[in-house]
Amino acid sequence: MTDSPISTAKHGDILVVTSDSPPVNALGAAVRIGLDKAFDEAASDDSIKAVVLICAGQTFFAGADITEFGKPPVEPMLPAVIAKMEALDKPVVAAIHGTALGGGLETALCAHYRVAVPSAKLGVPEVKLGLLPGAGGTQRLPRIVGVKAALEMTAKGDPIAAKLANQWGLVDEIVEEGKLLEGALAFAEKIKAVRPVPRISEREAKADADTIEAFRKENARKFRGFDAPAANIACVEAATRLPFAEGLEFERGEFMKLMFGSQSAAQRHIFFAERKASKIDGIASDIALRPIAKVGVIGAGTMGGGITMNFLSAGIPVTIVEQAEEALNRGVGVVRKNYEASAAKGRLTTEQVEKAMGLLTPSLSLDDLADCDLIIEAIFENMDVKKEVFGKLDAIAKPGAILASNTSYLNVDEIAASTSRPADVLGMHFFSPANVMKLLEVVRGAKTADDVLATVMNLSKKIKKVAVVAGVCHGFIGNRMLMPRQVEANKLLMEGATPEQIDRVHVEFGMPMGPFQMSDLAGVDIGWHRDPSRIESIRDALCAEDRWGQKKGAGFYDYDEKRNPTPSARVAEIIEDFRSRSNMPKRDISDQEIIERTLYTMVNEGAMILEEGMAQRASDIDVVWIYGYGWPVYRGGPMFWAGLEGTPKIVEGLKKHGFAVSPLLAEKAEKNEGF
Ligand code: 3HC
C-alpha cells in the first residue's frame with residue numbers, strides 16, 4: 001500500500017496510524033480503505049497493545065469528503081470503518097490538531113480516548129451543509145457531552161475549542177502544542193493496559209423532555225426555513241430514548257433524507273461556490289502580489305468607518321481622512337463605540353479594542369495618504385466629486401499604490417480615467433454595515449492590472465470577507481439584480497398588491513425581509529429628489545409626507561417606539577390615490593405572480609450579467625446574494641435556485657408577463673438545465 005494516504009509504524013507496543021491526505025485529511029475512499037486495513041493490522045498483531053490515530057499536515061480529519069456526496073458510494077463506508085476501530089479490544093487514542101470536524105470528530109468519538117493540542121477545534125458542522133453527523137455523531141455526542149451540549153453542537157454546527165472540549169469530557173487530555181505525537185504516545189502508555197476499553201456507545205444519554213423542547217423554542221427563529229437543524233435535534237432526542245443500535249438506524253434514515261434533499265445540495269453548492277469565488281479566471285494563482293502594510297480611507301461616514309474597522313481588526317494600520325474636524329471626530333467616535341459594544345458583549349477584550357484603535361490615524365488632509373499602499377474612497381455617491389478626489393489622489397499617492405472606490409453603482413472606468421494610472425484603480429464595493437457584512441464586490445475596470453485585482457482578492461481573505469469579482473456595469477452584480485425586483489415590486493403595488501403581501505412572499509421564501517421592509521430600513525428617501533411638491537411616484541408621496549422609513553417612525557409601514565412595523569392605513573390611501581389617478585384597475589395579485597415578477601426577473605438579470613461577462617461564473621452571483629442580501633442559503637442563491645425551480649418554468653413565467661428573456665436563460669431552458 002505504498003501510495004495509500006494511511007501509514008502505520010510501531011513505537012514499541014503502540015501502533016501509530018497516520019493519515020497524510022492534503023489539504024484537510026478528508027475521509028475519502030482511499031483514506032477509509034487505508035484505515036480499515038490499519039485497524040485489521042492492530043487487531044491481528046498481538047504485540048500491539050494500543051493505537052494512536054494521528055494526521056499529518058494542517059489538520060486532523062476535517063470530515064467526510066464532500067466531493068463524494070451525490071456520487072455512487074465506495075466501500076468501505078465510514079460508519080463501518082470507525083465501528084471496526086471502536087470494536088477493537090485494545091485502546092485507540094485519537095490525537096487531534098487543527099480541526100476535527102464532522103466525520104473527523106465522529107472518527108475521534110469511536111476512539112476510546114482523545115487528546116488534543118490547545119489550538120485544536122472540534123465540531124460537527126454538517127448542519128451548515130444541510131446535513132447531520134451521519135456516522136454516529138448524533139448518537140455518541142450526547143452520550144459524552146450531554147444532551148444540551150450535543151444539541152448546540154449538532155444543530156448549530158459551530159466548533160468548540162479544545163479547552164472547552166476538555167471540560168466537557170470530549171477531550172481526555174490537553175497536550176503541549178507542537179508535541180502532539182509525543183503527548184499522545186505518553187498518554188497511550190498510561191492507558192494501554194485498561195480493559196475493557198471504554199466505549200462511548202456503551203454509555204447512556206439522558207435528558208428530560210424539557211431540555212429538548214426548550215432548545216427547539218429558543219432557536220426557532222434562527223432555524224426558520226432550514227430542514228437540517230430539526231433533523232439534528234430529532235436524532236439527539238432519539239439518542240435519549242432508543243438503544244444505541246436503533247439510534248444509529250434512525251440517524252441513518254434522517255441523514256439519507258437530508259442528503260438527497262434540495263437544501264443540502266444548495267448548501268454544499270455554496271460551500272464550494274464560496275471557495276471558487278476567490279479564483280480569478282485567467283490570472284495565475286502564484287502572481288506576485290503588492291504588499292499592503294498601510295491603508296487609507298477617505299470619508300469617515302457610516303461606510304468609511306465600517307470599512308476602516310475591517311483593516312484595524314486584521315491588524316493593518318489605517319489613516320482615515322475627512323474634510324471637517326467635527327465629522328472626523330464623529331466618525332472615529334463611532335468606530336470606538338462599535339468596538340466597545342463588541343467588548344461589552346464579551347467578543348473582544350479591552351486590550352483588543354485599544355490595540356485596534358491604536359492603529360487608527362485620523363487626518364484632515366489627503367496628503368497624509370502619501371505612504372498608503374491601498375486607498376479606499378468612501379464618500380458621497382457623485383461622479384464629479386469622486387473624479388475630483390481621484391485626480392487629487394493621483395498627485396498624492398505613492399507609485400504602485402492601489403486606488404479603490406467604494407461606489408455602489410458608478411462607472412469605475414470613468415473614475416479611473418481621472419487619474420494617470422488607471423491600471424492601479426478598481427472598485428471595492430462593501431455592503432452596509434461594512435464591518436459586519438461578509439460580501440465584497442471587487443470591481444475590475446477595463447484597465448485594472450492583474451496584480452492589483454489579485455492583491456485585493458487576496459487581501460479580502462485577511463479581512464475575513466468573501467470577495468467576488470464583478471465587471472463594470474450599473475449596480476455591478478448585486479444592486480443590478482435588485483433593480484428589476486424593485487421596479488416590479490413598485491408596479492405590483494399599483495396593480496393591487498400591498499407592501500405587506502409582497503414582503504410576506506419574500507420572507508416566506510426565506511429572505512430576511514421583503515423589498516419594502518428593506519426600503520424602510522435603508523431609508524425611503526435615499527436617492528429622492530427632495531422636492532415635496534414634485535410627486536411622481538408612491539415613493540415621492542411617502543417622502544413628501546416625511547415617511548422616510550424606520551428612522552422617522554413611518555415609511556411603507558407605521559412603526560412604534562420599538563420599531564415594530566404595522567401595515568399603514570395612510571400608505572394604503574396613498575397607493576389607492578395613485579392607482580385611481582393613473583386609471584389603473586385594481587386586481588387580486590397571487591403570491592405566485594409576485595414570485596414570477598420579482599424573483600424570476602432577478603434570475604433573468606443574473607443570466608444577462610453572465611452573458612455580458614460581468615460575473616465570472618453563476619456561482620459567484622449566488623455568493624453575492626447569500627452574503628450580501630441574505631438570500632436563504634438553503635436555496636443556494638438565485639442561479640442555483642433557477643435550476644431547482646426549473647429554467648423552463650422560469651422562462652414561461654417571464655414570457656407570460658411580457659419580459660424579454662435573456663438568450664442564455666432561454667438556452668438553459670431549452671436543455672432543461674440549471675446554471
Ligand atoms: N471534503 C472535501 N474537500 C474539502 C473538505 C471536505 N470535507 N473540506 C475542505 N475541503 C477542500 C476545500 O474545498 C478547499 O479546496 P480548494 O483548495 O480546491 O478550494 C481545500 O480543501 C482547503 O479548504 P479551505 O480553503 O476551506 O481551507 P481552510 O484552511 O480555510 O479551512 C476547514 C479548513 C476548516 C477544514 C474548512 O475547509 C472546512 O470547514 N471544511 C468543511 C468541514 C466540514 O464541513 N466537514 C463535515 C463534512 S460532512 C461529513 O463529515 C458527513 C459525515 O457526518 C458523514
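Two strands count as paired if DSSP finds at least two bridges between them. Keep that in mind as you click around this predicted model.

**Stop 1: the sheet.** Colour the strands and pick out β1, β2, β3, β4, β6 and β9. Side by side in that order, they make an open sheet of six strands with mixed pairing. Now select residues 6–11 and then 173–174: these are β1 and β9, the edge strands, and each of them pairs on one side only. In general, strands of a sheet pair through backbone hydrogen bonds, either parallel or antiparallel.

**Stop 2: one pair up close.** Select 92–96 (β4) together with 113–116 (β6). Which way do these two run, parallel or antiparallel? They are parallel, and four bridges join them. To see one partnership, click Ile96, then find Ala116 in β6, its bridge partner.

**Stop 3: the ligand.** Select the ligand and show what surrounds it: you should get 25 residues, with Ala64, Gly103, Glu106, Glu126 and Arg275 the closest. Colour them by class and you'll see 14 nonpolar, six polar and five charged residues.

**Stop 4: the polar contacts.** Start at Ala62, where a backbone N or O atom sits 2.9 Å from a ligand nitrogen. Hop to Gly103: one of its polar backbone atoms is 2.8 Å from a ligand oxygen. Finish with Arg275, which puts a polar side-chain atom 2.8 Å from an oxygen of the ligand. Switch on the surface here: the ligand alone exposes 1000 Å², and the protein buries 71% of that.

**Stop 5: who builds the shell?** Highlight β5 (99–101), α3 (103–110) and α11 (262–277), the elements giving two or more residues to the shell. The largest share, three residues, comes from α11.

How values were computed: Residues numbered from 1 in each chain as written. Predicted model: local features only at pLDDT ≥ 70, side-chain atom pairs only at ≥ 80, totals over all residues. Heavy atoms only, no water. Near = heavy atom within 4 Å. Polar contact = N/O pair within 3.5 Å; in protein donor to acceptor, adjacent residues only side chain to side chain. Areas by Shrake-Rupley, 256 points an atom, 1.4 Å probe, with all protein chains shown as cover. Nonpolar A, V, L, I, M, F, W, Y, C, P; charged D, E, K, R; others polar.
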